[in-house]
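Trainee: Could we go through this model together, starting with its charged pairs and ending with its interface?

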Amino acid sequence: MVHSIAGVQMKTDQFVELLSGDAAPPRTLQSVLILAGAGGAASAAALFFAAIGFRPDIAEALGSPRFLFKFVITLSLAITACVAAARFGRPDGQMTRKAFLLVIAPALLLCSALVELFALPESQWMPHLVDHNARFCLTLIPLLAIGPLGCFLAALRHGAPSNPGLAGAIAGLAASGFAATLYAANCNDDSPLFVVTWYPMAIVLVSFAGYLIGRRVLRW
Amino acid sequence: MTAASKDADWTELMRAALAGDSGAYRQFLLAVTPYIRSVARKRCATYAADGEAEDVVQEVLLAIHLKRGTWDPSRSIGPWTGAIIRNKIIDAFRRRGRRRIDVPIEDVMDILPAAEQTSEISAREIDTLLGQLKLPQREIVRSISLDGRSVQQTAARLCMSEGAVRVSLHRALKTLGALYRRGTDED
């Protein structure tokens with residue numbers, strides 16, 4: 001049932017009095033996002049160590065540049081997407097100037113794939129591209145991304161994105177950056193040809209989920 | 001006052017507010033209100049009455065209040081304020097049944113304030129929404145706004161601690177934000 005609080009209508013300066021009665025400084029969006037990053041990393045790591053784990057030959061892999069470069073790509077995705085999330089979570093966040101950040105990880109990935117094409121004989125291309133882990137890649141990355149995505153979306157509810165769907169998609173990118181970093185330590189396909197084929201599919205899946213959820217929950 | 005000095009003033013006030021100065025916060029809100037009103041009335045002019053514009057003003061003020069944690073204090077506050085106003089005016093009109101409205105991207109600092117003869121106009125929508133709050137919250141809201149009591153006086157009158165009144169007020173305002181949003185989503 002709807003009551004009138006007084007039968008008298010509120011004037012705007014009375015409303016201002018009400019708002020300034022609640023003047024305790026709020027948490028900043030940045031601090032909430034940092035908490036979400038820590039929570040997301042912890043939840044994904046917990047799942048990783050409980051159910052997935054490092055690949056058996058991790059010690060030798062650490063000497064392989066192909067293995068190590070996977071982390072350059074996934075970590076740069078995680079970092080740039082977190083910065084973008086802080087930006088797009090604000091009402092005045094603009095697509096224009098910081099958008100180049102989000103190009104860094106895909107650019108690194110494409111360059112590494114090009115180099116790989118030159119380094120490998122043509123007969124080796126398809127075996128390196130298809131390999132046996134594709135199915136794991138497409139399931140484990142989204143699975144590992146669930147926790148971080150939840151944390152980032154919850155944090156962005158403290159934000160005020162002008163475009164809620166876009167903010168959700170960027171939360172998805174950040175979450176898949178975390179997930180892909182962990183998955184890369186399990187997967188023994190290190191060829192950039194494998195990475196460039198399968199990782200983006202998983203990441204787009206997570207981002208699209210972020211977009212759909214963001215459109216619903218990030219309105220303010 | 002020039003646009004630049006106004007922006008600098010508002011930025012200073014909001015910085016002080018976020019550092020815990022509630023007087024500066026009140027001053028900031030009072031300073032921004034005429035500009036929000038000016039934009040709202042321009043949008044309402046062809047569409048509805050003045051009381052409706054005042055509804056929109058209060059909705060924008062509430063959004064500024066609830067989302068002030070998204071302002072980066074190292075930047076000037078003008079663009080942020082403009083973005084909040086634009087977003088909320090679009091929401092407010094969408095809820096009133098207008099599918100698409102164009103809110104031109106104007107710099108809030110270039111708007112002329114509209115404060116003349118409007119101080120007696122009251123808003124109707126907020127009254128309905130506040131009526132949906134639960135009882136202690138509704139009583140606190142009424143005491144501080146309509147009866148003009150301070151948080152301390154309200155606490156004493158309701159035999160509550162000051163902290164409890166502040167927590168309850170904060171929740172009430174968050175609920176109010178959710179009630180506005182629900183109206184927009186249904187549309």
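Mentor: Happily; below we take the salt bridges, then the cores, then the contact of the chains.
This is a predicted model, in which local features need pLDDT of at least 70 and side-chain atom pairs count only at pLDDT 80 or more, while totals for chains, interfaces and linings use all residues. Residues are numbered from 1 along each chain as its sequence is written, chains are lettered from A and ligands numbered from 1 in the order in which they are written, and side-chain values use heavy atoms, leaving out hydrogens and water.

Trainee: How many salt bridges does the structure hold over all chains?
Mentor: A salt bridge here is a side-chain nitrogen of Lys or Arg within 4 Å of a carboxyl oxygen of Asp or Glu. Over all chains, the total is 14.

Trainee: Which residue forms a salt bridge with Asp190(A)?
Mentor: The partner's closest atom pair with Asp190(A), N to O, is 2.9 Å apart. The pair links distant parts of the chain, 135 residues apart: Asp190(A) lies in the loop between α8 (164–184) and α9 (192–217) of chain A, and its partner in the loop between α2 (29–52) and α3 (58–61). Helices (H or I, at least four residues) and strands (E, at least two) are DSSP runs, numbered from the N terminus. The partner is Arg55(A).

Trainee: Is Arg55(A) buried or exposed?
Mentor: Buried means under 20% relative accessible area, exposed over 50%, and partly exposed in between (1.4 Å probe, protein chains only). Asp190(A) has 12% and is buried. Arg55(A) has a relative accessible area of 5%, so the answer is buried.

Trainee: Which residue of chain B forms a salt bridge with Glu54(B)?
Mentor: Glu54(B) sits in helix α3 (residues 50–66) and its partner in helix α2 (residues 22–44) of chain B, 17 residues apart. The closest N and O atoms are 2.7 Å apart. Glu54(B) is buried at 2% relative accessibility, and the partner, buried at 7%, is Arg37(B).

Trainee: Why does Asp147(B) count as partly exposed?
Mentor: Asp147(B) forms a salt bridge with Arg149(B), with the closest N and O atoms 3.2 Å apart. Arg149(B) is partly exposed too, with a relative accessible area of 27%. Asp147(B) counts as partly exposed because its relative accessibility is 35%.

Trainee: Which helix gives the most to the largest nonpolar core?
Mentor: A nonpolar core is a set of buried Ala, Val, Leu, Ile, Met, Phe, Trp, Tyr and Cys residues joined through side-chain atoms within 4.5 Å. The largest has 55 residues, and those with the most contacts inside it include Phe15(A), Phe28(B) and Ile64(B). With 10 residues, the element that gives the most is α2(B).

Trainee: How many residues does chain A bring to its contact with chain B?
Mentor: Contact means heavy atoms within 4.5 Å. Chain B brings 59 residues to it, and chain A brings 40.

Trainee: What area is buried between chain B and chain A?
Mentor: Buried area is the accessible area (1.4 Å probe) that two parts lose on being put together, summed over both. Carbon and sulfur atoms give 61% of it. The total is about 4,400 Å².

Trainee: Which residue of chain B forms a salt bridge with Glu17(A)?
Mentor: The count between chain B and chain A is one salt bridge. For Glu17(A) and its partner in chain B, the closest N and O atoms are 2.9 Å apart. That partner is Arg26(B).
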